[in-house]
Amino acid sequence: MIYDKNVMELKIAKTKQEVAMQFSKYLAELTAGKEEFHMALSGGSTPKIVFDVLATEFLDEIDWSNVHLYWGDERCVAPDDEQSNYKMTLDHLISKIAIPKENIHRIKGENDPEYEAKRYASLLDKQLPKLKGIAQFDLVILGMGDDGHTASIFPHEIALWHSKKYCEVAEHPESGQQRVSLTGEIINNAQVVSFLVTGAGKAEKFLRIKNRESSYKDYPASLVQPISGKLLWFLDEAAVGII
Ligand code: 6PG
């Protein structure tokens, strides 16, 4: 279902670096004055640049002691594995900012995936405030893969998006790697959802989703429709097809 009030707010910058600057500024404004701010992070190449910018140019702009970090998805690997989204965030952000240990709520990729999906769902249920009985993030950051996947909900498993559970076990279509991913149930309940998408490889799917054309509904990213109506896409020009 497409919520009528749902509008994709586009923030287009020239380069990846400028996307990172624009998003960091937005995050600093959004977190300002909040006593508690619950934010789900994404893996991928664009967040990596954003984390670098947050840890340097915006180091003094955000009070991290009020921010709680979660993840939208995690690869089922150890936390020190190069593929771990937690490790990427640790290296590029967490190790460089003043954030209390107890504010970091990682998905434990080293656990049995089914067990971890349940454990993380119940952690979210305890940690987050609720809207109409469903846990609510202040902000969910998402990426979009070239195939239109988001978090770790891939086109071949798009049904997982509609799960009533907050977390599901997903599988990467090529490598078969297992992932623990948030579902639409909790992502679409967030106050704000923000995509970070860069690179020419994203343009085809992005334009189909934006224009709602030719099988766009087959892409999990098209199902991101927060009930709050606050959906932002931070993109570089390449991702919107400007070469
Ligand atoms: C992951 C993700 C995934 C990612 C997209 C985009 O852990 O792989 O969270 O959804 O955000 O694949 O990744 P890029 O920014 O690298 O294109």
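## Exercises on two sheets and a ligand site

Strands β10 (residues 192-197) and β11 (residues 230-236) run parallel and are joined by five bridges. The model is predicted. Work through it in three exercises.

### Exercise 1. The parallel sheet

Task: Find the order of the six strands in the open parallel sheet, then place its edges and the helix that packs on it.

Solution:

1. Start from the β10-β11 pair, which has five bridges. Within that pair, Phe195 has Trp233 in β11 as its bridge partner.
2. Extend outward. The order reads β1-β11-β10-β7-β2-β3, the sheet is open, and the pairing is parallel.
3. Mark the edges. β1 (7-13) and β3 (67-71) each pair on one side only.
4. Add the twist. With direction ignored, neighbouring strands are turned by 20° against each other on average.
5. Place the helix. α4 packs on this sheet and touches β2 (37-41) and β3. The direction of α4 makes about 155° with that of β3.

### Exercise 2. The antiparallel sheet

Task: Trace the three-strand open sheet and find which strands α4 touches there.

Solution:

1. Read the order. It is β4-β9-β8, with antiparallel pairing.
2. Identify the edges. β4 and β8 (167-171) are the edge strands, each pairing on one side only.
3. Note the twist. From one strand to the next it averages 20°.
4. Check one pair closely. β8 and β9 (residues 178-182) are antiparallel over five bridges. Val169 stands opposite Val180 in β9.
5. Return to the helix. α4 (residues 113-127) packs on this sheet, where it touches β8 and β9. Its direction makes about 145° with that of β8.
6. Combine the results. α4 packs on the antiparallel sheet through β8 and β9, and on the parallel sheet through β2 and β3.

### Exercise 3. The ligand shell

Task: Describe the residues around the ligand, then list polar contacts made by its oxygen atoms.

Solution:

1. Count the shell. It holds 15 residues, and the closest are Ser45, Asp73, Arg75, Ala151 and Lys202.
2. Sort by class. Two are nonpolar, nine polar and four charged.
3. Take the side-chain contacts. A ligand oxygen lies 2.7 Å from an N or O atom in the side chain of Arg75. For the side chain of Ser42, the distance from a ligand oxygen to an N or O atom is 3.2 Å.
4. Take the backbone contact. A polar backbone atom of Gly43 is 3.1 Å from a ligand oxygen.
5. Work out the cover. On its own, the ligand has 420 Å² of accessible area, and the protein covers 87% of that.
6. Assign elements. α2 (45-55) and β4 (73-75) are those that give two or more residues to the shell. β4 is also an edge strand of the antiparallel sheet.

Key
Residues numbered from 1 in each chain as written. Predicted model: local features only at pLDDT ≥ 70, side-chain atom pairs only at ≥ 80, totals over all residues. Heavy atoms only, no water. Near = heavy atom within 4 Å. Polar contact = N/O pair within 3.5 Å; in protein donor to acceptor, adjacent residues only side chain to side chain. Areas by Shrake-Rupley, 256 points an atom, 1.4 Å probe, with all protein chains shown as cover. Helix = DSSP H or I, 4+ residues; strand = E, 2+ residues; numbered from the N terminus. Nonpolar A, V, L, I, M, F, W, Y, C, P; charged D, E, K, R; others polar. Pairing = 2+ DSSP bridges. Axes fitted to C-alpha atoms, helices over the stretch in contact; angles between N-to-C directions. Contact = heavy atoms within 4.5 Å.
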